[in-house]
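Please open the structure in a viewer and keep the selection tool at hand. The tour below proceeds stop by stop, stating at each one what to select and what is found there.

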Amino acid sequence: MNKARNTPNGKQEKPKDIKYVLRRLWNYMCYFKGQLIICIILTILSNVFALIGPRLSGLAIDAIELGKGKVNFQLVFKYAILMVIFYVLSSVFSYILSLLMLKVSKKIIFKLRNDAFNRILSLPISYFDTNKTGDIISKMNYDIDTINTSLSTDLIQICTSVITVIGSLIMMIIISPILVCVFVITIPISLLFTRFMIKKTHKLFRKRSSTLGDLNAFSEEMITGMKTIKAYDREEIILDRFDKNNEIATQAAYQAEYYGSITGPGVNFVNNLSLSLICILGAILSVKTSFSLGKISSFVLYSRKFSGPINEVANIFTDLQSSLAAAERVFGLIDAHEELADKYDAKELEDVLGNVEFKKVFFGYEENKMILKDINFKADKGKIIAIVGPTGSGKTTIVNLLMRFYDINQGNIYVDNNDIRDLKRKSLRKAYAMVLQDTWLFEGTVFENLAYGKSDATMEDVINAAKASRIHSFITKLPNGYDTVLSEGGINISKGQKQLLTIARTMLLDSHMLILDEATSNVDTRTEIYIQEAMKELMKNKTCFIIAHRLSTIQNADLILVIKDGKIVEQGNHQELLEKKGFYSNLYNAQFD
Amino acid sequence: MRKIFSYLKKYRLRMSFGLVIKIIGTVMDLAIPWLLSYIIDEIVPLGDVQRIILIGLLMILFSFVGLFGSVIANQMASKVAKLFTTDLRHDVFKKIESLSSRQTDEVTIPSLVSRMSSDTYNVHSMIGMMQRIGVRAPILLIGGIIVTLTLDPILTLVLLTVLPLVIIVTYIISKISIPLFTKVQQSIDDFVRVIRENIAGMRVIKALSKEEYEKNRFHKVSKELIDYELSSQKVMIQLNPIINLLLNIGMVGVIVVGAYRVNGGDILSGKVLAFTTYFTIILNAMLSITRIFVTFSKAAASGNRIAYILDLPQDLVPVDNLKEDHSDNYIVFDHVYFSYEKKEYNIEDLSFSLKRGESLGIIGATGSGKTTIINLLMRFYDIDRGNIYLDGKNIKEYDLQELRGKFGTVFQNDAIFSTDIYDNINFNRNLSDSDIDKATKAAQIYDFIDGLEKKYDTPISERGTNLSGGQRQRMLVARALANNPEILVLDDAASALDYKTEANLRKNLKENYSSSTTFIITQRVSSIMNCDKIIVIDDGKVKGYGSHKELLEKVKLYQEIYQLQMGGGLNE
């Protein structure tokens with residue numbers, strides 16, 4: 001059966017090992033291989049220039065060294081001018097390098113963000129049942145931002161460091177292999193220490209990211225529900241709960257940052273230690289043997305050059321740790337199971353007639369809890385099918401299955417004699433128009449919202465649909481009419497008006513099947529009567545699935561399915577069902593009590 | 001930004017302690033190379049192995065002190081950052097809770113969310129970093145300058161002539177970049193908004209196969225964000241090379257001037273050499289300081305966005321000494337006018353009164369202003385003209401908590417939280433189990449809950465997506481009833497319920513919650529015909545007020561609605 005459902009929704013964010021995350025990041029960087037190589041070349045160049053500077057200043061000082069009255073000004077000026085030239089060049093190179101690196105890292109981030117978003121769009125609906133909006137946003141927003149920061153600065157640093165370390169190590173070996181032995185002792189200490197810290201902090205940084213995600217999910221949910229919280233005067237208790245989440249998040253941040261910040265001083269300590277040892281050993285060597293003073297001092301200079309970057313790298317590792325933890329979460333999102341791909345030989349659903357059949361359909365959102373049991377019915381083209389039943393009996397679930405938001409566990413659903421699993425999802429969904437209980441509008445103009453389902457709709461089409469849905473006069477009263485931007489909290493718009501807008505949106509669609517899930521539950525009766533004509537027009541020649549509890553709306557249905565506890569308990573038309581004096585007639589008569 | 005920094009005041013002591021330790025640690029770091037040159041320059045020529053080892057051990061000791069100093073100081077820095085952020089987030093969240101609906105409308109919810117999360121995060125990063133690098137770098141800078149001063153004041157002056165330039169450049173660049181970073185944060189608002197919208201509208205998007213369209217929409221905001229990020233950081237990356245160049249040129253100046261001074265016999269050439277060594281320390285310190293500036297600029301933009309929220313004036317404060325109402329009515333609306341946009345009135349000249357325990361039905365077309373009446377009664381918005389009295393007192397005199405504490409409400413888009421059923425009904429009010437059972441029974445959700453495996457502990461997903469529409473509404477009704485509210489508001493609370501369930505609900509309310517003054521907002525006549533009073537509202541104006549019977553006789557609009565809905569099973 002369906003694997004995407006069996007290993008459900010994003011909960012599969014098991015800790016991934018660092019190597020995997022690194023490999024994924026590496027893959028992203030590989031998209032910009034060329035530019036990265038240029039960056040590395042530039043890094044080498046600018047470092048070489050930076051190394052030439054001190055050499056020139058040394059030469060200039062040599063020219064001064066001759067002492068009082070003997071300074072060779074010609075040479076001094078020559079080198080001074082050369083130095084200015086090289087420093088200008090070095091600055092220009094490093095600017096170009098930073099700019100290029102910035103651009104590359106932004107491209108990588110841009111790609112990451114878009115990939116993550118595209119994945120969100122292709123996730124199964126069930127993913128959003130278990131993953132909170134705030135946490136997803138947290139991943140999209142600054143988990144990616146954390147990666148961004150370390151990509152744009154740390155990469156250059158690492159390159160620079162590696163070059164300097166290798167260079168100075170070579171120089172040191174040339175000067176004195178014996179003294180290098182000191183590093184044989186201290187470098188392993190450094191390495192072990194860094195390794196230990198990486199292991200230790202990786203967990204901590206992961207915790208930091210995830211607790212921050214939790215905190216943001218909490219804030220998102222509570223700020224969105226603020227009106228309810230205020231109405232119930234729950235501000236203080238919610239604040240307490242916020243504080244608890246906040247404490248957990250800041251504590252996790254504190255621990256990660258604290259342990260992270262030990263790495264720097266720790267490595268610095270090891271460096272100081274090796275410096276001291278070199279000094280002692282070198283000094284003794286120099287006293288006992290013919291080891292020259294000049295050699296010690298230049299060895300020390302190089303060893304400082306050598307340990308500087310190592311220190312820096314340790315700091316960068318802290319950064320890297322936090323971005324690896326962030327990357328792990330981001331890839332958790334990007335790697336979440338998509339909706340099961342269409343079969344390779346999936347057909348386009350074309351020239352839709354609108355014959356729908358459910359055959360022995362079983363379905364549950366959870367594997368062991370069937371919501372729908374053994375559903376069988378046939379909806380012929382152009383007929384009106386009404387689905388009634390108590391709340392929670394599984395009416396909306398049928399809609400979810402028709403649209404293939406979820407895959408069924410057993411049985412078959414056919415459209416025009418095609419099993420819907422053999423069809424391309426998009427073409428199946430396109431065959432339906434639907435108005436749902438939950439109205440959804442996005443921030444955009446009224447026109448954009450209405451024309452959403454039909455990209456080539458003209459203003460005239462939109463106005464006609466709005467008129468038919470009885471929402472035209474409301475729209476014209478808005479500050480900018482059809483160009484008014486609808487935004488969350490911006491304009492006060494009632495749920496009924498939202499429903500009318502979504503009905504208008506649906507009227508513009510050209511499809512052969514229609515789903516109305518409590519489409520007018522928030523519209524007042526008079527308006528409902530007014531739009532009835534338009535609704536009839538909308539329903540004409542379409543296979544219609546209507547879910548409603550106002551039984552008046554469904555009296556004209558060709559087939560009424562009465563659902564209770566996930567089973568069809570009665571089916572037939574209005575008259576037949578009334579005569580049965582069963583569940584339906586009970587429901588129907590209740591409205592006149 | 002000052003506002004944000006004032007949060008650090010509390011930790012002055014801790015920070016100055018950390019500072020001292022950090023200084024000690026840094027001085028140790030500076031002392032070690034100094035000891036090193038001392039050994040090489042002074043002791044090795046003497047050949048005194050004992051002293052070499054002695055001072056060598058001193059160096060090792062210093063290394064340890066440096067290690068512990070830095071570790072402790074860093075811990076303190078992280079601790080302060082933690083405490084600071086805890087406080088700041090607490091205050092921001094608290095402030096958001098206290099914003100009036102009008103203020104929330106103005107800032108918009110997505111922007112509040114991103115200020116709460118993304119902006120506080122930026123400030124947090126800055127505070128930690130400022131303490132870690134912010135202390136070390138200036139010490140190294142000042143230490144370096146002091147040492148060079150002792151070497152030769154004139155050469156130091158030459159080097160320092162570039163400092164004003166460095167300061168000016170840093171100032172200009174951060175001046176340019178702060179507004180850009182503000183733009184970045186603003187486009188994060190849009191970025192977050194589109195993601196939220198998409199998650200909320202996933203079904204519609206999939207149903208209409210608008211994935212491509214949404215991808216483009218996201219692509220647009222994502223592109224805008226990346227462009228602003230690029231432009232702000234492009235400015236920032238100029239800083240390093242420019243400062244590097246300026247200081248290096250200063251160094252060349254030192255060499256040239258030094259050449260003259262050596263030639264004139266004022267100094268020895270060794271000093272020029274020593275200068276170059278310390279110059280490296282100064283340069284690195286300067287670069288660290290500019291790095292702080294980059295972080296600071298970014299955080300300043302965020303800090304200002306947070307401060308904006310914190311500085312919003314307290315809206316809807318209680319007012320004293322207003323006129324009282326001396327009738328025996330519990331709730332009185334007295335010629336109330338109100339407008340959301342301060343243009344056309346959304347409520348015009350509304351008057352009605354209710355005695356304790358009475359019920360009011362409000363019926364009217366979509367968008368006619370039904371919910372607005374409740375928004376005004378609960379003081380989510382202040383009215384423009386007229387008065388609203390509750391229990392004889394103008395509602396403006398009440399403490400908001402006290403006022404809203406009297407209500408039990410079900411709104412149209414009421415929030416359902418991703419906890420469990422019990423939490424959603426109890427809503428942290430410490431209600432007794434019997435009250436909750438009574439409420440769930442009255443709301444007819446008791447049997448459903450009882451039939452669940454985990455009963456009240458059954459988890460609920462965000463926005464209640466794992467419940468059906470009717471289950472959600474019944475759970476919300478139970479929430480409203482559970483604390484036996486003085487005033488019960490049911491705003492379209494039965495739209496997803498079938499007639500039978502709704503009729504039972506009405507019956508249960510009458511039997512068990514008769515002492516609550518009740519507001520029922522609806523489209524259905526059947527829901528309110530038994531109310532003591534009914535208001536028929538249309539386009540913000542009252543079209544009729546009275547009992548069902550009176551309205552049927554006098555009010556044409558009401559007759560029409562009644563006919564449509566009840567008239568011989570016609571259409572509805």
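Axes are lines fitted to C-alpha atoms, for helices over the stretch in contact, and angles between N-to-C directions run from 0 to 180 degrees. The model toured here is a predicted one.

**Stop 1: a helix pair across the two chains**

Select helix α9 of chain A, residues 235-288, together with α2(B); their axes come within 11 Å and cross at roughly 5°. Angles under 35 degrees count as roughly parallel, and α9(A) is therefore roughly parallel to α2(B). Show the side chains next: from α9(A), the contact uses Asn272(A), Leu275(A), Cys279(A) and Ala283(A). Facing these on α2(B) are Ile32(B), Leu36(B), Ile39(B), Ile40(B) and Ile43(B). Coloured by class, the contact of α9(A) with α2(B) shows eight nonpolar residues, one polar residue and no charged ones.

**Stop 2: the loop that precedes α2(B)**

Now select Tyr11(B), in the loop between α1 (2-5) and α2 (12-43) of chain B. Is Tyr11(B) buried or exposed? Tyr11(B) counts as buried because 20 C-beta neighbours lie inside 10 Å. Leaving aside residues up to four places away in sequence, Tyr11(B) touches Val80(B), Leu83(B) and Phe84(B). For one of these, draw a distance: the C-alpha atoms of Tyr11(B) and Val80(B) are separated by 6.8 Å, although the two residues are 69 apart along the chain.

**Stop 3: a second helix pair**

Select helix α4 of chain A (residues 73-122) and helix α10 of chain B (residues 239-263). Their axes come within 9 Å and cross at roughly 175°. How do α4(A) and α10(B) run, parallel or antiparallel to each other? With an angle over 145 degrees counting as roughly antiparallel, α4(A) and α10(B) are therefore roughly antiparallel. The α4(A) side of this contact includes Phe73(A), Val76(A), Met83(A), Tyr87(A) and Tyr95(A). On the α10(B) side, the contributing residues include Asn244(B), Leu245(B), Ile249(B), Ile255(B) and Ala259(B). By class, the residues of the contact of α4(A) with α10(B) divide into 15 nonpolar, five polar and no charged.

**Stop 4: the nonpolar cores**

Val76(A) and Ile255(B) should stay selected, as both are among the residues with the most contacts inside the largest nonpolar core, which has 292 residues. Add Ala386(A), Tyr432(A), Ile546(A) and Val477(B), which complete that group. The largest share of this core, 17 residues, comes from α4(A). Apart from this core lies another, of 21 residues, with Leu179(A), Ile32(B), Leu36(B) and Ile39(B) among them.

Centre the view on Ala386(A). Which residues does Ala386(A) touch, not counting residues up to four places away in sequence? They are Ile546(A), Ala548(A), Ile554(A), Ala557(A) and Ile560(A).

**Stop 5: a buried lysine**

Select Lys210(B), placed in the loop between α8 (202-207) and α9 (211-236) of chain B. Lys210(B) is buried, because 20 other C-beta atoms lie within 10 Å. Not counting residues up to four places away in sequence, Lys210(B) touches Tyr452(A) and Ile205(B). Then draw a line from Lys210(B) to Asn244(B): these residues are 34 apart in sequence, and 51 Å separates them in space, C-alpha to C-alpha.

**Stop 6: the whole interface**

Colour the two chains separately and select the residues where they meet: 140 residues of chain B are in contact with 136 residues of chain A. On the side of chain B that touches chain A, helix α3 of chain B (residues 49-98) supplies the largest share, 25 residues. By class, that side of chain B divides into 60 nonpolar, 54 polar and 26 charged residues.

**Stop 7: each chain in full**

Show chain A alone, with its 19 helices and twelve strands. Its C-alpha trace spans about 120 × 55 × 50 Å along the principal axes. The radius of gyration of chain A is 35 Å, whereas a compact globule of 593 residues would have one near 25 Å. Of the 593 residues of chain A, 49% count as buried. Among contacts in chain A with a separation of 6 or more, 80% are accounted for by residues 24 or more positions apart.

Switch to chain B, which comprises 21 helices and ten strands. The radius of gyration of chain B is 35 Å, well over the 25 Å that the globule rule gives for 572 residues, so chain B is more spread out than a compact globule. Its C-alpha atoms fill a box of roughly 115 × 60 × 50 Å along the principal axes. In chain B, 50% of the 572 residues count as buried. Of the contacts in chain B between residues at least 6 apart in sequence, 77% join residues at least 24 apart.

Methods. Residues numbered from 1 in each chain as written. Chains lettered and ligands numbered in written order. Predicted model: local features only at pLDDT ≥ 70, side-chain atom pairs only at ≥ 80, totals over all residues. Helix = DSSP H or I, 4+ residues; strand = E, 2+ residues; numbered from the N terminus. Parallel < 35°, antiparallel > 145°, perpendicular 65-115°, else oblique. Contact = placed C-beta atoms within 7 Å. Nonpolar A, V, L, I, M, F, W, Y, C, P; charged D, E, K, R; others polar. Core = buried A, V, L, I, M, F, W, Y, C linked by C-beta atoms within 7 Å. Buried ≥ 20, exposed ≤ 12 C-beta atoms within 10 Å, placed from the backbone. Rg over C-alpha atoms; globule rule 2.2 N^0.38 Å.
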